[in-house]
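Trainee: Could you take one strand of this protein and walk me through it closely, then show me how it sits against a few other parts?

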Amino acid sequence: MIDIVAVLRAEDAVLDFLSVLTAPESVHRQDEGHEVHVLLGDTGEHLVLPAGLPLADRLAALARHIRPVDESAASPGPQALAALIEAAAQGAEAARLWTHSPADTRRSRGRLGRDTAAAVAPGGPPVLHAVGHSPYLQFISDLDRPLSRAEAGAKLAFVNRHCGHLLGTESAEYVVRTGRVHASERFFAAGPAEERERLFALLASLDEDAATVPDPWEFATSAYEAERLDSTVAWIAGHCPPGGGPLIEVGACEGALTTRLAEKGFTVHATEPNPVFRRRLTEAVGDTAQVHAASLEELAARPELPGAAYLLIEMLYYGQDLALLDRLPADLVFVALEPETLATRLTPWLESAPDWEKADETPLVAPALETVCGGRAYLSKRGSVGVLLRRTGA
């Protein structure tokens with residue numbers, strides 16, 4: 001019986017899967033032996049750690065494959081991983097297949113974890129994902145393995161001896177810090193492919209992977225998000241009642257706010273640059289709103305959509321130049337942000353912006369803890385505050 005560990009790079013097998021390398025008796029009877037096959041996604045290498053090989057020798061074998069930081073390292077994709085898994089099994093019974101979490105915030109690892117699970121044929125070995133590096137989520141795990149002091153010491157010694165370049169690198173993908181060297185390794189068995197894809201999309205932020213699944217932020221089922229959206233509509237309606245000029249909603253995603261505004265009687269022009277989100281947005285709003293492809297930058301560069309107000313709701317988190325607001329063809333801009341970003345980003349800008357004043361500030365929803373992905377994990381929703389900006393002299 002063998003275990004297969006599919007990782008992006010050799011050090012990952014030690015940082016996240018040391019407990020698999022040590023042959024816990026809860027999985028293998030001592031008289032069966034414990035053979036581990038390590039698949040390195042970045043190079044396509046297949047390492048065999050034979051049964052009976054001491055942990056020190058296993059770590060030494062992995063150490064020979066430690067490489068410099070390589071930001072281009074990536075998952076080879078499900079097809080290539082399927083071939084590696086088949087070669088590793090070679091007709092033997094695989095106890096389990098271990099790999100990264102699709103929600104690992106190191107996107108290179110998250111993608112490999114998702115692709116590895118997708119590569120397993122029906123009837124293949126069960127897949128367990130390491131929680132890995134996931135500072136924004138708390139996981140409900142299925143298997144927890146606390147390391148002994150000796151095992152934790154072996155992990156630290158491996159890092160200090162072979163991964164010194166990773167302790168000092170500035171790469172967010174590869175830097176090794178305390179939170180990435182786990183004293184207790186935790187694993188979960190993701191359910192159907194939808195759950196894995198949802199975990200992967202949840203951490204994708206603005207990149208194209210966010211659109212991998214419909215409603216990646218679970219607006220349709222979240223009590224927190226429903227309260228936030230309903231409060232936002234009421235706040236907007238209190239300042240710009242329906243029946244006036246059109247509202248321009250920037251970054252409308254799939255239309256969770258758009259549909260509420262249209263139902264309230266507003267004329268809405270919803271903009272969404274992501275083509276997948278935009279297609280879902282168009283389907284959601286039908287003929288109740290106009291849909292456009294423009295980004296905030298494009299709307300500012302070509303002010304072709306004048307309106308009663310622009311809506312920048314929960315979208316100024318990604319380094320946009322706030323000076324773009326000066327070129328929007330409206331005298332009112334509704335902004336909603338979580339309190340910390342409001343205090344550190346919008347408020348300092350507003351204090352030095354000669355063309356804008358704060359006309360209103362309204363709490364929209366309080367912070368809350370909420371489960372995601374069918375209860376697989378939970379996270380802190382940070383609350384939202386609405387700020388109405390009015391162009392001075394308007």
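Mentor: Let's start with a word we'll need: a residue counts as buried when its relative accessible area is under 20%, and as exposed when it is over 50%. Keep in mind that this is a predicted model. The average pLDDT is 93, and 96% of the residues score at least 70.

The strand I'd pick is β5, residues 127-130. In a regular strand the side chains alternate between the two faces of the sheet. You can see that here: V127 and H129 point one way, while L128 and A130 point the other way. Whichever way they point, all of them are buried. As for its neighbour, β5 pairs in the antiparallel sense with β8, residues 184-188, over 2 bridges. If you want a spot to click on, A130 has F187 of β8 as its bridge partner.

Now for a helix. In α3 (residues 55-63), the buried residues are R58, L59, A61, L62 and A63. Their cover includes the helices α1 (10-15), α2 (18-21) and α6 (149-162), along with strands β2 (35-40) and β3 (45-49).

Then have a look at the surface. I140, L369 and Y378 make up a nonpolar patch there, with about 300 Å² of accessible area together. Y378 belongs to strand β16, residues 377-381, and is partly exposed, at a relative accessible area of 33%.

One stretch calls for care: over residues 25-31 pLDDT stays under 50, and the model has 9 contacts beyond four places in sequence for them. Where pLDDT is low, the predicted coordinates should not be read in detail.

Note on methods:
Residues numbered from 1 in each chain as written. Predicted model: local features only at pLDDT ≥ 70, side-chain atom pairs only at ≥ 80, totals over all residues. Heavy atoms only, no water. Patch = residues over 30% accessible without salt bridge, like charges linked within 9 Å, V, L, I, M, F, W, Y side chains within 5 Å. Areas by Shrake-Rupley, 256 points an atom, 1.4 Å probe, with all protein chains shown as cover. Salt bridge = Lys/Arg side-chain N within 4 Å of Asp/Glu carboxyl O. Helix = DSSP H or I, 4+ residues; strand = E, 2+ residues; numbered from the N terminus. Buried < 20%, exposed > 50% of the residue type's maximum accessible area, 1.4 Å probe, protein only. pLDDT = per-residue confidence, 0-100. Contact = heavy atoms within 4.5 Å. Pairing = 2+ DSSP bridges.
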